[in-house]
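Dear colleague,

I am handing over the structure we spoke about, with its sequence, and I would be glad if you could look through it alongside the notes that follow.

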Amino acid sequence: MDIPALMRQAITESAAAQGVSTPNPPVGAVIVDRAGTIVGVGHTAPPGGPHAEIVALTQAGAAARGATAVVTLEPCNHTGRTGPCSQALIAAGVAHVCFGVADPNPTAAGGADTLRAAGVSVDAGVLADEVAAGPLQPWLHRQTTGRPFVTVKLATSIDGRVAASDGTSQWVTGPAARAHAHERRSRIDAIVVGTGTALADDPSLTARRPDGTRYPHQPTRVVVGHRDLPADANLRDDAAPLLRVATREPAEVLDALDDALWVLVEGGPTLAGAFVAAGLVDSVEAYVAPVLLGAGRNAVDVPTITTLADAVRFTTREVVGLAGGDVFVRMSR
């Protein structure tokens, strides 16, 4: 039985819960019977719905007896809106549980001990680094820091420009990059722009497929600043929630997002720079087009960085070539 491969399948499955399960963790689970056949796969449902293990157990039915459950997060050990997953695994007769990372929430932790006490063999820390860097990362970040995981999204030319010198910016990147960005947007909890961007571009800030239809999950649209929006602004429609935050302080913006796990800053260079200067940027997702704009507008403005020694440095985590020649680069601290 290839446990690492099964854990990677659970990680992939957990991505379907991002945004949907908030404020609960997006967990993935795979159940394999004694013969090595996958009999159940699941991810966390919206709040109040079943956790990943319960979805997978329901699929497995009687085949769960004697089976192995592979789960990205330690099965919970408490009763909230739903019962403890540790007890459900025991009741189903699961013989072996493998999980990626321990639950850092003291209220829910302890599932591994409960399973072991019931005679279930448990392997902890399976592909822990991959699990922690996957869809669970924003939730784990919120548990340890008390604030959402913040990503700055950029769409730039090779020379780091988001607009030409005359202000034209649609489109620096191509259709494939935009489709990729919208799919990413469909998994976040909130998308943040300033009033300058909202007034200049009249964006919708919804997550849309290439055919124009909307993804099932839509992020809360957050507009930062004091200026009002026109009555007919796209952001005032009912496609997704709208939150106005009358401040330019990044920390106060995040404080207004009580339950958010993953926040995308998609505003202009000034807003992105403010989050960078405040030390509140955890990752950057850049779509880079194979074009030079020269004297265009910078992607990020941080006036306090005046020397290379003050540069904010990230580690490249993923590079993906997209149709049309654009490149997606994901970096994190």
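In which sense do strand β1 and strand β3 pair, and over how many bridges? In this model, which is a predicted one, β1 (residues 28-32) and β3 (residues 68-73) run antiparallel to each other and are joined over 4 bridges, with V32 standing opposite T68 of β3.

That pair belongs to an open sheet of 5 strands, whose order is β2-β1-β3-β4-β5 and whose pairing is mixed. Because β2 (38-43) and β5 (121-123) are the edge strands and have a single partner strand each, one side of each is left without a neighbour in the sheet. From one strand to the next, the twist averages 15°. Helix α1 (residues 3-14) packs on this sheet, where it touches β1, β2, β3 and β4 (96-101), and its direction makes about 50° with that of β3. Helix α2 (residues 52-60), for its part, lies across β1, β2 and β3 and runs at about 150° to β2.

Further along the chain, helix α6 (residues 137-145) has P138, W139, L140, H141 and R142 as buried residues, and the elements that cover them include β3 and β4, together with α5 (128-132), β6 (149-156) and β11 (262-265). Just after α6 comes G146, which takes a positive phi of about 80°.

Two polar side chains in strands also deserve a look.

The first to mention is R221, which is found in strand β9 (residues 220-224) and counts as buried because its relative accessibility is 0%, the cut-off for that class being under 20%. Its side chain makes a polar contact with the side chain of D237, at 2.9 Å. When residues up to four places away in sequence are not counted, R221 touches, among others, I191, S204, L205, T206 and N234, as well as D237 itself and the run A239, A240, P241, L242 and L243.

The other is S332, placed in strand β15 (residues 327-332), which at 7% relative accessibility also counts as buried. Here the polar contact joins the side chain of S332 to the side chain of R317, at 2.7 Å. Leaving aside neighbours within four places in sequence, the residues in contact with S332 are D282, S283, F314, T315 and R317, so that R317 appears both in this list and as the polar partner.

With best regards

Definitions and conventions: Residues are numbered from 1 along each chain as its sequence is written. This is a predicted model: local features need pLDDT of at least 70, side-chain atom pairs count only at pLDDT 80 or more; totals for chains, interfaces and linings use all residues. Side-chain values use heavy atoms; hydrogens and water are left out. Two strands pair if DSSP finds at least two bridges between them. Helices (H or I, at least four residues) and strands (E, at least two) are DSSP runs, numbered from the N terminus. Axes are lines fitted to C-alpha atoms, for helices over the stretch in contact, and angles run from 0 to 180 degrees between N-to-C directions. Contact means heavy atoms within 4.5 Å. Buried means under 20% relative accessible area, exposed over 50%, partly exposed in between (1.4 Å probe, protein chains only). A polar contact is a pair of N or O atoms within 3.5 Å; within protein, one must be able to donate a hydrogen and the other to accept it, and residues adjacent in sequence count only if both atoms are side-chain atoms.
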